[in-house]
Amino acid sequence: EELTGKSITDRDAFRAEIGKVRRQGYAVMDEENEAGMRAVAVPLLNDQGHAFASLATAVPVFRLGLDELIAHVPLLQEAAAELAARLPQR
């Protein structure tokens, strides 16, 4: 897979981004993986609070702005909680 001009390639920057994701409870991809696409993802948490899967949605950049996409995070988190409760966690 090719990198884009927005791909995080510095280890310290990547660690900082992971810390930010943990603090805010969701991850954002804004053309880092694929030019012209952005996405948000939330974790599915088990009973111990550990992520065992994720739920994401992606859109072309012309379809939604980043803030508009992030506004969908609460809905994704609600769906992730319901899905986590229904999925086997072994």
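User: How many bridges join strand 2 to strand 3?
Analyst: The model is predicted: local features need pLDDT of at least 70, side-chain atom pairs count only at pLDDT 80 or more, and totals for chains, interfaces and linings use all residues. Residues are numbered from 1 along each chain as its sequence is written, and side-chain values use heavy atoms, with hydrogens and water left out. Two strands pair if DSSP finds at least two bridges between them. Strand 3 covers residues 51-60 and runs antiparallel to strand 2, and the bridges joining the two number nine.

User: In strand 3, which residue is the bridge partner of Arg38?
Analyst: Strands (E, at least two residues) and helices (H or I, at least four) are DSSP runs, numbered from the N terminus. Strand 2 spans 37-45. In strand 3, Arg38 has as its bridge partner Val59.

User: In the hairpin of strand 2 and strand 3, which residue takes a positive phi?
Analyst: Five residues lie between these strands. The positive phi is near 85°, and the residue that takes it is Gly49.

User: Which residue in strand 2 stands opposite Val28?
Analyst: Strand 1 (residues 27-30) joins strand 2 through four bridges, running antiparallel. In their hairpin, with six residues between the strands, Glu31 takes a positive phi near 65°. Opposite Val28 in strand 2 stands Val40.

User: What is the order of the three strands in the open sheet?
Analyst: The pairing is antiparallel. Strand 1 and strand 3 are the edge strands, each pairing on one side only. Neighbouring strands are turned by 20° against each other on average, direction ignored. The order is 1-2-3.

User: At what angle to strand 2 does helix 3 run?
Analyst: Axes are lines fitted to C-alpha atoms, for helices over the stretch in contact, and angles run from 0 to 180 degrees between N-to-C directions. Contact means heavy atoms within 4.5 Å. Helix 3 lies across strand 2 and strand 3, and its angle to strand 2 is about 40°.

User: Which element supplies the largest share of the largest nonpolar core?
Analyst: A nonpolar core is a set of buried Ala, Val, Leu, Ile, Met, Phe, Trp, Tyr and Cys residues joined through side-chain atoms within 4.5 Å. The largest one has eleven residues, among them Tyr26, Val40, Val42, Val73, Leu76 and Ala80. Strand 2 and helix 3 (73-86) each supply at least two. The largest share, four residues, comes from helix 3.

User: Which residues of helix 3 does Val42 touch?
Analyst: Residues up to four places away in sequence are not counted. Val42 touches Gly25, Tyr26, Ala53, Ser54 and Leu55. Helix 3 covers 73-86, and there Val42 touches Val73, Leu76, Gln77 and Ala80.

User: Is Ile18 buried or partly exposed?
Analyst: Buried means under 20% relative accessible area, exposed over 50%, partly exposed in between (1.4 Å probe, protein chains only). Ile18 sits in helix 1 (residues 11-24). Its relative accessible area is 32%, so Ile18 is partly exposed.

User: What share of the residues in the protein chain is buried?
Analyst: The protein chain has three helices and three strands, in the pattern α-β-β-β-α-α along the sequence. It has 90 residues, and the buried share is 22%.
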